[in-house]
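Colleague: Could you take me through one part of this model in detail? I'd like to look at the empty spaces and at whatever is built around them.

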Amino acid sequence: MRKCVRCGKKAQIYLYSHRLSLCSEHYLEWFENRVERTIKEFNMFTKEEKILVAVSGGKDSLSLWHTLIKLGYQADGFYINLGIGDYSQKSLQKAKNFADKYQLTLHTLDLSKEIASIPDLKAYDSRPTCSLCGSVKRYYMNKYAKEKGYAVLATGHNLDDESAVLFANALSWNVEYLRRQYPVLPEDDGFVRKVKPLCKISEKESALYAVLAGIDYIEEECPFSEGATSIEYKLYLSQLEDKSPGTKLRFYSEFLRKLYPLLKESPRGNLQKCEVCGEPSINSLCNVCRLKLKLSSHKEKI
Amino acid sequence: MEIKVIYRGQEMTLHLEGEKVKAKDILKALNLSKDYAFVVKNDQVVSEEETINPGDHIRVVNAISGGTL
């Protein structure tokens with residue numbers, strides 16, 4: 001029987017990549033300390049700054065919000081209702097329940113009132129649904145944080161998310177994307193600071209924290225994520241991790257340490273202001289305004 | 001041995017070979033890796049070596065999620 005390295009009680013958890021046995025109480029402490037260390041390592045934010053946490057109702061965002069509050073940070077939540085039927089209804093309820101339980105502020109935004117729901121937008125965009133959804137979410141998260149006066153936008157991206165993206169970008173040596181893959185993107189013209197405090201926390205560690213801390217999160221997957229390439233990449237990396245624990249952490253951490261410094265000259269690439277809404281954009285018209293244009297021309301035809 | 005498990009909100013029954021079942025057998029039966037999944041027995045997270053009995057309340061958590069990165 002493995003024993004907790006901190007207190008000697010029966011260990012419930014063994015972290016293969018860290019070779020660490022912990023009881024539930026000391027696991028929660030370990031997790032919170034690791035997030036705190038990551039925040040400090042990358043100078044993400046201070047206790048004096050207002051943080052907006054992007055909340056989906058899932059394990060990562062709710063574990064992040066819970067941890068930030070426990071660590072004494074000023075963190076409010078922001079939920080975007082994507083209009084994905086029953087899935088959005090359930091996830092919104094989970095986010096609301098969490099905010100109520102801990103008496104926290106949760107801002108919500110209804111995408112169907114701002115532009116259109118994700119299922120409706122799908123008809124106007126040829127990208128995979130997850131890419132479309134991601135770009136629309138990033139637009140509104142940044143815009144909302146700016147409008148409400150938050151200095152920092154925190155997302156629940158974890159080590160598995162980051163290593164899967166790194167893997168995908170390395171497969172095609174997508175230098176522009178690799179250049180932006182850092183756990184802190186500083187505030188810039190039109191952008192609030194974006195941070196990923198769970199970047200060194202694996203997906204399983206995040207779920208363990210949620211379960212052990214008694215967080216009620218949505219376990220079912222978004223119906224549009226089925227077959228997403230990101231999941232496939234995660235499964236490939238998981239096979240490597242099974243054979244050689246610590247591979248994902250090494251892959252990501254060593255990228256940040258060795259390769260990123262060579263790429264970082266221009267973290268956000270060459271951006272301009274969207275001609276219509278003024279938000280940062282690669283093209284003269286941003287993704288969201290382009291979608292809005294397609295929607296309005298479609299309505300005119302009807 | 002028949003074991004009832006809750007997996008992603010759904011109850012299902014697993015038929016496992018042998019007299020003694022461990023948490024890792026449940027993960028294997030669901031084709032899940034210990035790298036991203038774990039077993040909760042009677043509201044306690046347990047190691048892969050934990051013995052499971054038919055009367056135990058078992059929940060399996062698959063941490064992997066996808067979509068927007």
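Modeller: Here is a walk from the enclosed space outwards to the sheets, helices and loops around it. Keep in mind that this is a predicted model.

Let's start inside. Rolling a probe the size of a water molecule over the atoms shows where empty space is left. Searching the whole structure that way turns up 1 cavity of 30 Å³ or more, and its volume comes to about 340 Å³. There are 26 residues in its lining, and the ones closest to the centre are Leu15(A), Tyr16(A), Lys204(A), Lys34(B) and Asp35(B). So who builds the wall? From chain A, β1, α9 (203-212), α10 (229-243) and α11 (247-263) each put in at least two residues, and β5 of chain B does so too. If you sort the lining of this largest cavity by class, you get 11 nonpolar, 5 polar and 10 charged residues.

Next, the second largest pocket. Its volume is about 310 Å³. Here 17 residues make the lining, with Lys10(A), Ala11(A), Gln12(A), Ser47(B) and Glu50(B) nearest the centre. You'll recognise two of the elements: β1 (13-15) of chain A and β5 (44-46) of chain B each supply at least two lining residues. β5(B) gives the most, with 3 residues. By class, the lining of this pocket splits into 7 nonpolar, 4 polar and 6 charged residues.

Since β5(B) turns up in both linings, follow it into its sheet. In chain B, 5 strands make an open sheet in the order β2-β1-β7-β4-β5, with mixed pairing. β2 (10-15) and β5 of chain B are the edge strands, each pairing on one side only. On average, neighbouring strands here are turned by 35° against each other, direction ignored. Helix α9 of chain A packs on this sheet, touching β4 (37-41), β5 and β7 (58-62) of chain B, and its direction makes about 20° with that of β4(B). That is the helix you met in the lining of the largest cavity.

At the other edge of the chain B sheet, β1 (2-7) and β2 pair in the antiparallel sense over 6 bridges. One bridge pair to click on is Ile6(B) with Glu11(B) in β2(B). The two strands form a hairpin with 2 residues between them, and Arg8(B) in the turn has a positive phi of about 50°. Going back towards β5(B), the loop between β4 and β5 of chain B holds Asp43(B). Its phi is near 70°, a positive value in a residue other than glycine. Is Asp43(B) buried or exposed? Asp43(B) counts as exposed because its relative accessibility is 67%, and the cut-off for that is over 50%.

Chain A has a residue to set beside it. Asn43(A) is in the loop between α1 (24-41) and β3 of chain A, and its phi is near 45°, again positive in a residue other than glycine. Asn43(A) is exposed as well, with a relative accessible area of 65%.

That loop leads to β3, which belongs to a sheet in chain A. This one is open, with 6 strands in the order β5-β4-β3-β6-β8-β7 and mixed pairing. β5 (106-110) and β7 (184-185) of chain A are at the edges with a single partner strand each, so one side of each has no neighbour in the sheet. β4 (74-81) and β5 of chain A run parallel and are joined by 5 bridges, and Gly77(A) has Leu106(A) as its bridge partner in β5(A).

Two helices to look for here are α2 and α6 of chain A. α2 (59-70) lies across β3 (50-54), β4, β5 and β6 (152-154), running at about 160° to β3(A). α6(A) lies across β3, β4, β5, β6 and β8 (193-195), at about 140° to β4(A).

To finish, zoom in on Tyr139(A), which is in α6 (129-147) of chain A. Tyr139(A) counts as buried because its relative accessibility is 10%, and the limit for buried is under 20%. What does Tyr139(A) contact, leaving aside its neighbours within four places in sequence? The contacts are Cys277(A), Glu279(A), Cys286(A) and Val288(A). Ser281(A) is 142 residues from Tyr139(A) in sequence, yet their C-alpha atoms are 9.6 Å apart in space.

Methods. Residues numbered from 1 in each chain as written. Chains lettered and ligands numbered in written order. Predicted model: local features only at pLDDT ≥ 70, side-chain atom pairs only at ≥ 80, totals over all residues. Heavy atoms only, no water. 1 Å grid on protein atoms, 1.4 Å probe; cavity = no way out; pocket = protein on both sides within 12 Å on 5 of 7 lines; lining within 4 Å. Points joined across faces, edges and corners; volume = space filled by probe spheres on them. Helix = DSSP H or I, 4+ residues; strand = E, 2+ residues; numbered from the N terminus. Nonpolar A, V, L, I, M, F, W, Y, C, P; charged D, E, K, R; others polar. Pairing = 2+ DSSP bridges. Axes fitted to C-alpha atoms, helices over the stretch in contact; angles between N-to-C directions. Contact = heavy atoms within 4.5 Å. Buried < 20%, exposed > 50% of the residue type's maximum accessible area, 1.4 Å probe, protein only.
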